[in-house]
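User: I should like to go through this model with you. Could we begin with the overall picture and then turn to details?

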Amino acid sequence: MTSGLSFLIAARRCEIDALDQLARTSELVGAIGRLVHALQRERGMSNVFLASHGGRFADQRGPQIVECLALEQQVRAGFDRLEAEHHRGVSAGHGARLFSRIAWVLPGLDALPALRMRIDALDLQPAQAVAAFAKLVAGLLAVVFEAADGATDPEISRLLVATFNFMQGKEFAGQERAFGAAALALGRGDDAQRQQWRHLIESQERCFQVFIDFSGDAVRTLWHDSQSDAVLADIERLRRMGATSVPADALLSQAWFDGCTRRIDAMQTVENRLSADLRALCDHKTAQARSELAAYQQLLGTLAPQAGGALFFDDAQQAQDATPAQLGRHLERSVLDMVQEQSRRLQAMSDELDTARASLNERKIVERAKGLLMAHRRLSEAEAHKMLRQTAMNQKRRLVDVAESMLAMADYLPLEAAPRR
């Protein structure tokens with residue numbers, strides 16, 4: 001008859017399998033982060049290239065595209081490994097959602113060569129190029145989101161939540177770099193432009209705050225130290241200038257692009273640290289689990305075959321009998337203690353996971369509410385977020401609470417009539 005300890009060993013092996021899967025997924029997250037960083041730089045160059053009618057960044061785009069292609073191959077290789085593991089029966093519980101995100105993003109990677117050709121031919125407006133790159137990056141970050149949402153270890157989950165939000169905040173910073181460079185190069189400013197600029201700034205701040213809440217002291221210190229006061233002051237000065245109707249100025253546009261690039265490159269050092277910490281944490285957790293598994297297996301070899309469940313209902317005093325005749329009973333007590341400790345640990349993990357995932361769940365709710373507003377009121381993403389935020393401020397409620405209320409009333413929201421042409 002199989003003993004309880006055998007099932008405890010089986011449970012530990014399941015944990016090790018899950019940790020191994022998390023380690024592989026974390027490697028993919030790191031590869032995606034490096035590709036996103038390269039694509040953000042290419043997007044910025046392409047935006048200025050288009051805004052200047054091919055006069056700027058013509059020579060630099062080629063080497064940047066080569067770098068993006070090499071990093072893209074690393075990400076594709078990571079996708080292929082996940083698929084191969086799935087065919088071998090090695091797959092995490094969130095595999096369906098993760099694979100759906102990958103299926104959505106692959107056509108975007110396939111379409112990159114055609115997008116680059118149109119940029120080379122000056123066949124796109126800067127805003128169109130920004131939107132195209134942003135859509136692809138959003139798809140890549142959605143893969144990271146599913147990795148964070150599917151993590152089963154609370155410490156790894158918290159680190160993945162911090163990583164995702166940092167990458168998302170960095171993406172908003174990249175969008176602001178491209179947006180501001182084009183705005184200053186073209187020299188036009190209106191209310192819609194100012195609202196979009198404010199939305200990008202606020203979105204960054206929101207994401208970086210969640211990152212700070214979920215990261216450790218060392219990473220928070222690195223983040224603080226990486227942000228140069230001088231660079232931030234220059235960016236803030238140019239933000240104020242861009243918020244007014246300034247004439248076209250190529251020098252201002254270049255200064256903005258360079259300042260934002262220094263800031264974003266500094267962010268990459270933090271992202272690299274997050275990626276390294278994630279790999280180290282996965283390795284540590286796996287080594288710890290394997291050590292405990294070895295201890296369980298050793299104990300299993302020591303137990304007498306006839307050891308049953310006699311101590312299950314015994315009181316603690318009986319379990320403290322230390323005579324040699326009671327050796328089997330002590331071993332049985334050790335097994336019960338291990339089972340109880342495992343149960344307490346898994347419950348604690350579940351509670352911590354709930355906390356880590358709350359941030360991700362809130363994000364899902366807010367994004368769904370914004371999508372509802374965009375569909376029913378024909379608003380832009382920035383306008384929908386502004387409406388939610390303003391409603392929350394007026395009602396003195398949390399943004400997620402307003403979003404939940406709106407989703408609850410979804411069936412009663414009338415569709416806005418399409419504008420006549």
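User: How many residues does the protein chain have, and what percentage count as buried?
Analyst: The protein chain has 421 residues, and 45% of them count as buried. Buried means under 20% relative accessible area, exposed means over 50%, and partly exposed lies in between, with a 1.4 Å probe and protein chains only.

User: What should I know about the model itself?
Analyst: It is a predicted model: local features need pLDDT of at least 70, side-chain atom pairs count only at pLDDT 80 or more, and totals for chains, interfaces and linings use all residues. Residues are numbered from 1 along each chain as its sequence is written, and side-chain values use heavy atoms, with hydrogens and water left out.

User: How many helices and strands are there?
Analyst: The protein chain has 14 helices and zero strands. Both are DSSP runs numbered from the N terminus, helices being H or I with at least four residues and strands being E with at least two.

User: What share of the contacts join residues at least 24 apart?
Analyst: Among contacts between residues at least 6 apart in sequence, 80% join residues at least 24 apart. Contact means heavy atoms within 4.5 Å.

User: On to the interior. Which residues have the most contacts inside the largest nonpolar core?
Analyst: They are Ile32, Leu39 and Phe79, in a core of 65 residues. Helix H1, residues 4–51, gives the most to this core, with 14 residues. A nonpolar core is a set of buried Ala, Val, Leu, Ile, Met, Phe, Trp, Tyr and Cys residues joined through side-chain atoms within 4.5 Å.

User: And what is Phe79 in contact with?
Analyst: Leaving aside neighbours within four places in sequence, Phe79 is in contact with Leu28, Ile32, Ile102, Val105, Leu106, Leu109 and Val143. Apart from the core of 65 residues lies another core, of 15 residues, among them Val48, Ala183, Val231 and Ile235.

User: Back to H1: is Arg43 buried or exposed?
Analyst: Arg43, which lies in helix H1, is buried, with a relative accessible area of 1%. Beyond its neighbours within four places in sequence, Arg43 is in contact with Val130, Phe133, Ala134, Glu171, Gly174, Gln175 and Ala178.

User: Which residue in the loop after H1 has phi near 55°?
Analyst: That is His53, where the value is positive in a residue other than glycine. His53 lies in the loop between H1 and helix H2 (58–87), and at 67% relative accessibility it counts as exposed.

User: What about Phe57, then: buried or exposed?
Analyst: Phe57 is buried, with a relative accessible area of 11%. Phe57 lies in the loop between H1 and H2 and has a positive phi of about 65°, although it is not a glycine.

User: Let us discuss helix packing. At what angle do H4 and H5 pack?
Analyst: Helix H4 (residues 112–120) and helix H5 (residues 126–150) pack at about 165°, with their axes 11 Å apart. H4 is therefore roughly antiparallel to H5. Axes are lines fitted to C-alpha atoms, for helices over the stretch in contact, and angles run from 0 to 180 degrees between N-to-C directions. Angles under 35 degrees count as roughly parallel, over 145 as roughly antiparallel, 65 to 115 as roughly perpendicular, and the rest as oblique.

User: Which residues meet there?
Analyst: Leu112, Leu115 and Ile119 in H4 meet Ala129, Ala132, Phe133 and Leu136 in H5. The contact has seven nonpolar, no polar and no charged residues. Here Ala, Val, Leu, Ile, Met, Phe, Trp, Tyr, Cys and Pro count as nonpolar, Asp, Glu, Lys and Arg as charged, and the others, Gly among them, as polar.

User: How do H13 and H14 cross?
Analyst: The axes of helix H13 (residues 381–395) and helix H14 (residues 399–408) come within 9 Å and cross at roughly 110°, so H13 and H14 are roughly perpendicular to each other. In this contact, His385, Leu388, Arg389, Thr391, Ala392 and Gln395 of H13 meet Leu399, Val402, Ala403 and Met406 of H14. By class, there are six nonpolar, three polar and one charged residues.

User: Lastly, how far apart in space are Ala233 and Gly259?
Analyst: They are 9.7 Å apart, C-alpha to C-alpha, and 26 residues apart in sequence. Ala233 is in helix H9 (residues 229–242), and at 45% relative accessibility Ala233 counts as partly exposed.
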